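Me: I would like to understand how words such as "salt bridge" and "buried" are applied to a protein model. Could you go through them with me?

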Amino acid sequence: TGPAGIFAGRHKPDLLALFAPYPDLQSVAARSRFFGLLTPFLRIRFPLLQPIASLERTDLIVATGGADETIPPSLSAKVFDAYRGEGRKIHVHNPKAPHDRLLGENRLALDAALVSLGY
């Protein structure tokens with residue numbers, strides 16, 4: 001998600017689909033009991049809010065899962081809300097999907113989102 005969001009900010013694709021995006025890696029690490037202690041020392045940060053906010057015409061799909069203990073939907077909502085461009089945006093949420101099964105658990109809703117956007 002981090003590299004994809006940053007790449008999209010630079011290259012302005014027609015469509016960007018993000019699975020459990022996060023505002024920055026520190027936000028994710030801070031939630032962990034162990035990694036939270038290391039948050040100040042992270043070298044790679046993957047800040048996504050600015051690159052996503054810079055998109056103007058990109059269609060955005062954000063997929064989240066209610067059972068995601070790694071990146072909760074509340075963090076993903078910050079990325080979804082950061083997009084203010086003219087492109088369409090769709091939030092696909094499965095209340096039972098865990099982090100490692102977001103694609104499979106959200107497959108039908110993701111297919112419907114792509115069809116509704118014309119992809």
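Reply: What follows takes the terms in turn and sets values against their definitions. This is a predicted model, in which local features need pLDDT of at least 70 and side-chain atom pairs count only at pLDDT 80 or more, while totals for chains, interfaces and linings use all residues. Residues are numbered from 1 along each chain as its sequence is written, and side-chain values use heavy atoms, with hydrogens and water left out.

Me: Why is the contact between Asp59 and Arg88 called a salt bridge?

Reply: A salt bridge is a side-chain nitrogen of Lys or Arg within 4 Å of a carboxyl oxygen of Asp or Glu. For Asp59 and Arg88 the N to O distance is 2.7 Å, so the pair meets that definition.

Me: What makes Asp59 buried or exposed?

Reply: Buried means under 20% relative accessible area, exposed over 50%, and partly exposed in between, with a 1.4 Å probe and protein chains only. Asp59 has 6%, and therefore counts as buried, whereas its partner Arg88 has 40% and is therefore partly exposed.

Me: How do you know that Arg101 and Glu105 form a salt bridge?

Reply: Their side chains come to 2.4 Å, N to O, which is within 4 Å, so the term applies here as well. Arg101, at 48% relative accessibility, is partly exposed, and so is Glu105, at 29%.

Me: Why is Arg57 called exposed?

Reply: Its relative accessible area is 60%, which is over 50%, so Arg57 is exposed. Arg57 meets Glu56 in a salt bridge at 3.4 Å, N to O, and Glu56, at 48%, is partly exposed.
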